[in-house]
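Biologist: Could you take me through the packing of the interior in this model, beginning with a single aromatic side chain and working outward from there?

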Amino acid sequence: MLTSDLTLRLAEASDIDIILAWWALPEIRRHTGAITLPDFQEVRHSLARPGRRDYMIMFEGRRIGRTCLIPHEAFEELSVYVCELALQGQGVGRSAIALTMIFARLGEIRARISRNNLASQKAFLANGFCLLSEEGDVYWYAKHHL
């Protein structure tokens with residue numbers, strides 16, 4: 001299975017162009033909840049946000065997606081995007097979640113997933129997350145990380 005060959009590396013300024021290209025893909029953007037596309041400066045600013053950790057999902061030397069851990073006061077939010085569409089549905093998201101959890105701080109980890117993103121819901125459930133709440137078109141999943 002290809003997921004054993006996945007690695008993560010910290011996102012860099014040189015990744016901003018591909019992150020913007022991914023966000024422009026309707027198949028990716030529909031799950032972000034974003035109304036407008038971010039610009040270069042907005043992505044650069046978010047990558048530099050204190051306490052936030054962004055990672056590129058790597059497979060065979062290429063960037064295929066992104067994960068990040070976003071600090072909140074009472075929890076840390078985990079976000080995962082598998083952006084190489086040909087690799088979606090092959091367990092990449094599930095493996096990327098597990099890899100990213102290595103870097104998560106102790107305590108509650110949450111994920112915000114759109115109601116229509118069944119693949120992400122299954123990937124988080126497979127990693128021990130449970131449905132926490134519903135807010136409109138968004139489900140919040142949570143896991144206590146020890």
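**Packing around F124**

Modeller: In this predicted model, F124 is in contact with L78, V80, I97, A111, I113 and F129, once its neighbours within four places in sequence are left aside. F124 is also listed, together with I57, L78, I97 and F129, among the residues that have the most contacts inside the largest nonpolar core, a set of 24 residues. The elements that give two or more residues to this core are strand 2 (53-59), strand 3 (62-71), strand 4 (76-82), helix 4 (92-101), strand 5 (107-114), helix 5 (118-126) and strand 7 (138-145), and of the core's residues the largest share, 4, comes from helix 4. Apart from this core lies another, made up of 13 residues, among them I19, L47, M56 and Y81.

Two of the residues just named, I19 and L47, also take part in a helix-helix contact, in which I16, D17, I19 and L20 of helix 1 meet F40, V43, R44 and L47 of helix 3. The residues of this contact divide into 6 nonpolar, no polar and 2 charged. As for the geometry, helix 1 (residues 16-24) and helix 3 (residues 40-47) pack at an angle of about 115 degrees, and their axes are 10 Å apart; because of that angle, helix 1 counts as roughly perpendicular to helix 3. The crossing in which helix 1 passes helix 3 is right-handed.

Notes:
Residues numbered from 1 in each chain as written. Predicted model: local features only at pLDDT ≥ 70, side-chain atom pairs only at ≥ 80, totals over all residues. Heavy atoms only, no water. Axes fitted to C-alpha atoms, helices over the stretch in contact; angles between N-to-C directions. Parallel < 35°, antiparallel > 145°, perpendicular 65-115°, else oblique. Left-handed = near helix turned anticlockwise from the far one by under 90°. Contact = heavy atoms within 4.5 Å. Nonpolar A, V, L, I, M, F, W, Y, C, P; charged D, E, K, R; others polar. Core = buried A, V, L, I, M, F, W, Y, C linked by side-chain atoms within 4.5 Å. Buried < 20%, exposed > 50% of the residue type's maximum accessible area, 1.4 Å probe, protein only.
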